[in-house]
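Here's a quick look at a ligand's surroundings and at how some helices are laid out. Have the viewer open while you read.

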Amino acid sequence: MQCSPSLVRSLSSVLLALGVLHLWLYSHTPSRYGKHEEEEEEPPRRAHLSARCAWFLQELPAFLVPALLLALRSPPRFAPLGCRLLGGMFCGHYFHRTFIYSFLRRGRPFPLEKLFFGVLFCIFNGFLQGYYLIYCAEYPDDWYNDIRFTSGLLLFLFGMGVNIHSDLILRQLRKPGELTYKIPQGGLFAYVSGANFFGEILEWFGYAIATWCLPAFAFAFFTLCVIGPRAYHHHRYQACCLYILILINFFCSCL
Ligand SMILES: NC(=O)c1ccc[n+]([C@@H]2O[C@H](COP(=O)([O-])OP(=O)(O)OC[C@H]3O[C@@H](n4cnc5c(N)ncnc54)[C@H](OP(=O)(O)O)[C@@H]3O)[C@@H](O)[C@H]2O)c1
C-alpha cells in the first residue's frame, strides 16, 4: 500500500462532515442510549446487548485495525520515535477502552443499532488514523522534542487521566446491579457536569496537536461534535433532577 494524500483528505472530510451531521441531529434531542433512553415516553422495541459486550465489540476495531495495518505493512517500517509514540497514544487509548473499560462498565444494556454504527465508525477511524501514521506521516527524527508534540502529549495524558478518573467516579455511584442516576461528585465533576466527556475531548485535541495533521484534527472535531451535545443533555438532565429534589425538600419541609 502507498500513501494517497487525496484518500487521507477525502476520509478526513467525511469525518468532519459526520461531526457536523451529528451536531445537527443531536443538539436538540439526545442520542438514545443510557440515561437518555430512559427519558423516552414510549420506548421503541429495540434489541439490546449487555453494556460490557457492546463496548468491547464497538471499541475493538479502533485498536485492531491500526495494529493490523502495522503488522501487514510490507516492508516493515521502523518509523522515528515520535511517530511510534503517536501510534502508541492512539492504540493505548483504545487498548484501555477495549480491554479494561468495557469489562468494568456497568449500566443499561446498549442498543444494537447504536453498536452497529459504533463498530462502523471505529473501523473507519481506526483505518484513517492508522493509515495516516503508518503510510503517510513524515516527522523529523527529533519530533518528540517539538513543542507541538510535548504540549499535545501532556494535554492528551491530562485528558486521559480526567476521563478515566471521572468514569471511575461514575461507576462508584452505584451498587452492583443498581441502575438509578445520582449526581456525581468529586474530581473534575466539582467544576464540569460532564467531566468524563471533557477529559475525552481534551485527550483528542492533545492528540491532534501532537500529531499536527488533518485526520487527527478531524477526529478531535468529530469527538467534540459527538460528546459535546451528550454532555449538554447530561447537564440538563442533572439540573432537572436537582430542581425536583429541591422542590421535594421544600414541600416536605412545609408539611
Ligand atoms: N470519542 C467519542 O466519539 C466518544 C463517543 C461516545 C463516548 N465516548 C466515551 O465513552 C465513555 C462512555 O460514554 P457514555 O456516553 O456511555 O457516558 P455516560 O452516559 O456518562 O455513561 C457512562 C457510565 O456511567 C453511568 N452513569 C452516567 N451518569 C450516571 C449517573 N448520574 N449516576 C450513575 N451512573 C451514571 C452510565 O450508566 P447507564 O448506561 O445506565 O446510563 C454508564 O455506565 C466516556 O468516557 C466517553 O467520553 C467517546
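What follows goes from the ligand shell to one helix and then to two helix pairs. Keep in mind that this is a predicted model.

Let's start with the ligand. It's surrounded by 23 residues, and the closest are Gly34, Gly107, Arg108, Leu170 and Glu200. If you sort the shell by class, you get nine nonpolar, nine charged and five polar residues. Three helices each supply at least two residues of that shell: α6 (147-172), α7 (195-211) and α8 (214-254). Which helix gives the most? That's α8, with four residues.

So much for the shell; α8 deserves its own paragraph. This helix has 41 residues and reaches 59 Å from its first C-alpha to its last, close to the 60 Å expected at 1.5 Å a residue. There's a bend along the way, though: α8 turns by about 25 degrees at Ile227, with a proline, Pro229, following within four residues.

Now for the helix pairs, with their axis distances and crossing angles.

| Helix pair | Axes come within | Crossing angle |
|---|---|---|
| α3 (residues 51-72) and α5 (residues 112-136) | 8 Å | roughly 20 degrees |
| α4 (residues 81-104) and α7 | 10 Å | roughly 160 degrees |

The angle for the α3 and α5 pair, roughly 20 degrees, is under the 35 degrees cut-off, which makes α3 roughly parallel to α5. As for handedness, α3 passes α5 in a right-handed crossing. With α4 and α7, the angle is over 145 degrees, so these two helices are roughly antiparallel to each other. Their crossing, α4 with α7, is left-handed.

How values were computed. Residues are numbered from 1 along each chain as its sequence is written. This is a predicted model: local features need pLDDT of at least 70, side-chain atom pairs count only at pLDDT 80 or more; totals for chains, interfaces and linings use all residues. A residue is near a molecule or strand if its C-beta atom, placed from the backbone, lies within 6 Å of it. Ala, Val, Leu, Ile, Met, Phe, Trp, Tyr, Cys and Pro count as nonpolar, Asp, Glu, Lys and Arg as charged, and the others, Gly among them, as polar. The expected span of a helix is 1.5 Å times one less than its number of residues. The bend at a residue is the angle between axes fitted to the seven residues ending there and the seven starting there. Axes are lines fitted to C-alpha atoms, for helices over the stretch in contact, and angles run from 0 to 180 degrees between N-to-C directions. Angles under 35 degrees count as roughly parallel, over 145 as roughly antiparallel, 65 to 115 as roughly perpendicular and the rest as oblique. A crossing is left-handed if the near helix is turned anticlockwise from the far one by less than a right angle, and right-handed if clockwise.
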